[in-house]
Every structure is written in C-alpha cells, then in structure tokens.
Amino acid sequence: AETLYEPDALDEHGFNRTNTAREFLDSIEAMEAGLAAIQHNITNQHVTLNGDEALVWSYAIAIHKHLADDERPNLDMGVVYKDTCRRFPEGWLIVHRKVSVLWAQKSEKAK
C-alpha cells in the first residue's frame, strides 16, 4: 500500500488524527491484529483525467470479520475512495484520499 502514495500524501480515513497517509499506513498492522479476515472488493470506478492530475472515485464493499474472542461485532461497509492522483516520473500516485462510508452493517460472529 505504501507504494500507492506520494510521500507527503493525505489520507482521511476518519480515525487518523493527522489525516496523513503515513499515519494511516502505520496503523494497518494494529487494525488487522484483531481480524480473522478482511476483504475490500472494488466495484465501480470513475476517473476524471486532467493532464497530470486525476480524480478517481472507487466504490467498494469492505468486509471485516473479527476473531472469535474479540468482543467487537463483524462490520460490513459500502465505501467510496475519493482519490486525487498525480503523475510523477515514477508513475501515478495518490496525493489525497478521502474515504466516505455510504452504509455500514454490524453482524454477530458465527458460534
């Protein structure tokens, strides 16, 4: 995931206080520690290209299954990633990502 971002990129996931991609990337390992499975399925995408900059909206279904001994319920969400990307010599990179939750549904773990 780190190679997707420009080094000073912003990432607004809704829980990272600094809204930096660095803070988000540094939090992934701890977030995944309590999960038995996680899956993000990208569905529709819309790209608006303007020279060396692009606005990319990617809709996704995000599935989070917690470990059996974790008290938190499972969480499924519909989200949209609103990315501003820029073309650099090394390729296209995200310079700003804002994640918006469209819907969320909690479910109990299977017994």
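Which strands does helix α1 lie across, and at about what angle does it run to β1? In this predicted model, helix α1, residues 21-33, lies across β1 and β2 and runs at about 65° to β1.

Those two strands belong to an open sheet of 5 strands, in which the order is β1-β5-β4-β3-β2 and the pairing is mixed. Both are edge strands: β1 (5-12) and β2 (35-50) each pair on one side only. Direction ignored, neighbouring strands of the sheet are turned against each other by 20° on average.

Within the sheet, β4 (residues 74-88) pairs with β5 (residues 91-107) in the antiparallel sense, over 15 bridges. One position to look at here is C85, which stands opposite I94 in β5. Beyond its neighbours within four places in sequence, I94 is in contact with D83, T84 and C85, and also with L4, Y5, E6 and A9.

C85 and I94 are also members of the largest nonpolar core, which has 9 residues in all. The other members are Y5, A9, A21, F24, L25, A54 and V56. At least two residues of this core come from each of β1, α1 and β3 (53-66). Helix α1 gives the largest share, 3 residues. Y5 and A9 thus appear twice in this account, as core members and as contacts of I94.

Apart from this core lies another, made of 6 residues. Among them are A62, M77, Y81 and V99.

Definitions and conventions: Residues are numbered from 1 along each chain as its sequence is written. This is a predicted model: local features need pLDDT of at least 70, side-chain atom pairs count only at pLDDT 80 or more; totals for chains, interfaces and linings use all residues. Side-chain values use heavy atoms; hydrogens and water are left out. Two strands pair if DSSP finds at least two bridges between them. Helices (H or I, at least four residues) and strands (E, at least two) are DSSP runs, numbered from the N terminus. Axes are lines fitted to C-alpha atoms, for helices over the stretch in contact, and angles run from 0 to 180 degrees between N-to-C directions. Contact means heavy atoms within 4.5 Å. A nonpolar core is a set of buried Ala, Val, Leu, Ile, Met, Phe, Trp, Tyr and Cys residues joined through side-chain atoms within 4.5 Å. Buried means under 20% relative accessible area, exposed over 50%, partly exposed in between (1.4 Å probe, protein chains only).
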